[in-house]
Amino acid sequence: MCLPPWLHWLDECPSTNTWALQSLDRLAQGDVVFTPRQTAGRGQQERPWYAPPGVLTASFILEPLAPPELPWLSLAAGLAVIHAVEDLLPLPALALGIKWPNDVLLWGRKVAGVLCEARLPKAVVGVGLNRQVDWPRVLAGGTMDVSPAQVASLSEVSDTPPEVLPLLTQLRDYFLQAHGVIRQKGLTGLLPQLRQRDVLYSCPLVVHTSDGMLSGVGAGIDAWGRLQVQRADGTVQALSAGRVVRWEPSRRWDE
């Protein structure tokens, strides 16, 4: 297979993000690190991230990046994943959505996750996209503590999900576009799309923050990429970090 010059294909590695961070001196804007076998992936807050067979694992290099722009990349990356998948798969409108701060959902179930790291002015955006995962078989093995109701795969949409190279090409193109928008307009240039895809909007939820648990209703994403939560007393709190531990979708995905 003839590979494009921007693609660094590793037959196996512990983590594409780790490899990219260790190799940043020889990586440039638009370079992509990919492996079909990631053995020690990392998620948010250094939690282990398991990539079973059929998960597309890749890291994308973006530069330059200023410190205030880094928190916006996860949301921008989510949009890039959505647009790339929609270009290659026939999907109903809004079947894909963003769950703040770094997940992409397919019909309410996680189909992709994002991990952004930086050694400024360069950023590494890692993506794990469930391209062709046999979840019943994987979960039966007991390796992951999730239920089938929480995860999804593109192979549910089509018996022949997009091949790896076309997916990487589309993802790269959309990452570069999103990076350009952020550089010119900040997150404001992406806000209409983000708010349209925000699956937490108007949903009852509970967020684990550094100050404890916060309960309320999703009130949208603001211009700084923060999740706004409306409390029971009507006040709104904007969160720059946190983990949504429980939420109740405002719509049924089988309707």
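1. A residue counts as buried when its relative accessible area is under 20%. Keep that cut-off in mind for what follows. The model is predicted.

2. Start with strand E12, residues 227-230. Its side chains alternate along the strand. Leu227 and Val229 point to one face, and both are buried. Gln228 and Gln230 point to the other face and are not buried.

3. Now the partners of E12. Strand E11 covers residues 212-221 and runs antiparallel to E12, with three bridges joining the two. Strand E13, residues 236-239, also runs antiparallel to E12, and four bridges join this pair.

4. Look at Gln230. In E11, Val217 has Gln230 of E12 as its bridge partner. In E13, Val236 stands opposite Gln230. The side chain of Gln230 is on the face of E12 that is not buried.

5. Next, the turns. E11 and E12 form a hairpin, with five residues between the strands. Gly225 lies in that turn and has a positive phi of about 80 degrees. E12 and E13 form a hairpin with five residues between the strands. Here Gly234 takes a positive phi near 95 degrees.

6. Turn to helix H2, residues 73-88. This helix has 16 residues. From first C-alpha to last, H2 reaches 23 Å, close to the 22 Å expected at 1.5 Å a residue.

7. How much of H2 is covered? Mostly: twelve of its 16 residues are buried. Among them are Leu73, Leu75, Leu79, Val81, Ile82 and Val85. The buried set also includes Ser74, Gly78 and Ala84.

Key
Residues are numbered from 1 along each chain as its sequence is written. This is a predicted model: local features need pLDDT of at least 70, side-chain atom pairs count only at pLDDT 80 or more; totals for chains, interfaces and linings use all residues. Side-chain values use heavy atoms; hydrogens and water are left out. The expected span of a helix is 1.5 Å times one less than its number of residues. Buried means under 20% relative accessible area, exposed over 50%, partly exposed in between (1.4 Å probe, protein chains only). Two strands pair if DSSP finds at least two bridges between them.
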